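Student: I'm new to this structure and would like a close look at one part of it. Could you walk me through the salt bridges, and what sits around them?

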Amino acid sequence: MPVAAPVMRLRRPRWKDPRLIVGIILVLSSVLMGSLLVSRLSATTPVLVARSTIVPGDRIEEGQLAVVELRLGEQEQLYVGSLDAVPEGSVATRTVQAGELLPISALGQAADVPLRPVVIPVDATVAESVVPGAQVELWHTLPADTDGAGGEARMLVEDAVVRRIDEGNALGMRSMAVEVLVNIRLAGVR
C-alpha cells in the first residue's frame, strides 16, 4: 500500500510573523509618502495680481491689486506676495496688464522711470482702437505743398506707451485725446 504524504496543518497567525510586519510597514510608508506628495503639490503662495492695467509711472496702490493663491514653485521669488513687500512710494517701471501677476522687476521709484506724458489730439476712430498699456508708434506727417509735393511721414517715437484716453467735451463738440508716455532718453526730449 502506498504511504500517504504527511498532512500540514496551518499554524495560527502570530503578530511576530515577519511578513505581517513588513506588510504593515509598506502600507504605512506608502500612505505617508502619498500624503506628503499631495500636500507639497497643493501648497500655494499668496501673490499680487493687477485688477486693471498699470502703466509705467503709476503708483502701486492697494486698490489696483488683488491677492490670489497660486502654485509657483521655484518662481515664487519673482513675484510680489503682499502689499507689505511693496516699498513705500513704489511706481511701475513697465506696463502690468490686468490679470497679470505683479513681478518684483516691475517695481521702482519715480526716478527710475524715464517716461514723460505727451497728450495728442486724435480722431475718434484712433482713440477707440487703442487701450491703456498698449505700445504705439508716433509719426509726424508734413503737410503737402500747393503743388502736391511733400506729405512725407517720419517716425518720431517707436515705442510710446498709452497711459489713458480722454474723451472730453468742449462746448458741445466731442474732442478726443490720447495721453502717451514717451521715453525722454530715446526721443531726445528734455
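Tutor: Let's start with the term itself: a salt bridge here is a side-chain nitrogen of Lys or Arg within 4 Å of a carboxyl oxygen of Asp or Glu. Keep in mind that you're looking at a predicted model.

With that in hand, go to Arg164 and Glu179. They form a salt bridge, and their closest N and O atoms are 2.8 Å apart. Arg164 lies in strand 7 while Glu179 lies in strand 10 (residues 176-183), so this pair ties together parts that are 15 residues apart in sequence. The two partners also sit in different accessibility classes: Arg164 is partly exposed, with a relative accessible area of 45%, whereas Glu179 counts as buried at 9% relative accessibility. Buried means under 20% relative accessible area, so Glu179, at 9%, falls in that class.

This pair isn't on its own, either. Asp58, Arg163, Arg164 and Glu179 are joined into one network by salt bridges that share partners.

Stay with Glu179 for a moment. Its side chain and that of Arg164 are also listed as a polar contact of 2.8 Å. If you skip the neighbours within four places in sequence, Glu179 is in contact with Pro117, Val118, Val119, Val161, Val162, Arg163 and Arg164. Notice that Arg163 and Arg164, both members of the network, turn up among those contacts.

Now follow the network to Asp58 and Arg163. Their side chains meet in a salt bridge too, at 3.5 Å from N to O. This pair links distant parts of the chain: Asp58 is in the loop between strand 1 (45-50) and strand 2 (65-70), Arg163 is in strand 7 (residues 153-166), and they are 105 residues apart. As for exposure, Arg163 is partly exposed, with a relative accessible area of 27%.

While you're at that loop between strand 1 and strand 2, have a look at Gln64, which is found there as well. Gln64 is buried, with a relative accessible area of 16%. Its side chain reaches the backbone nitrogen of Glu61 at 3.0 Å. Leaving out neighbours within four places in sequence, the contacts of Gln64 are Val49, Ala50, Arg51, Ser52, Ile54, Asp58 and Arg59. So Gln64 touches Asp58, and with a relative accessible area of 16% it stays under the 20% cut-off for buried.

Next, step outside the network. A search of the whole structure finds four salt bridges, and one more pair to look at is Glu100 and Arg94, whose side chains meet at 2.9 Å from N to O. Here both partners land in the partly exposed class: Glu100 has a relative accessible area of 24%, and Arg94 has 32%.

For a change of scene, finish with some nonpolar side chains. Trp15, Leu20, Ile24 and Leu28 make a nonpolar surface patch of about 460 Å². Trp15 is placed in the segment before helix 1 (18-41), and at 70% relative accessibility it counts as exposed. Leu20 is found in helix 1 and counts as partly exposed, at 34% relative accessibility. Not counting residues up to four places away in sequence, Leu20 touches Arg14 and Trp15, so that Trp15 is both a contact of Leu20 and a fellow member of the patch.

Key
Residues numbered from 1 in each chain as written. Predicted model: local features only at pLDDT ≥ 70, side-chain atom pairs only at ≥ 80, totals over all residues. Heavy atoms only, no water. Helix = DSSP H or I, 4+ residues; strand = E, 2+ residues; numbered from the N terminus. Buried < 20%, exposed > 50% of the residue type's maximum accessible area, 1.4 Å probe, protein only. Patch = residues over 30% accessible without salt bridge, like charges linked within 9 Å, V, L, I, M, F, W, Y side chains within 5 Å. Areas by Shrake-Rupley, 256 points an atom, 1.4 Å probe, with all protein chains shown as cover. Polar contact = N/O pair within 3.5 Å; in protein donor to acceptor, adjacent residues only side chain to side chain. Contact = heavy atoms within 4.5 Å.
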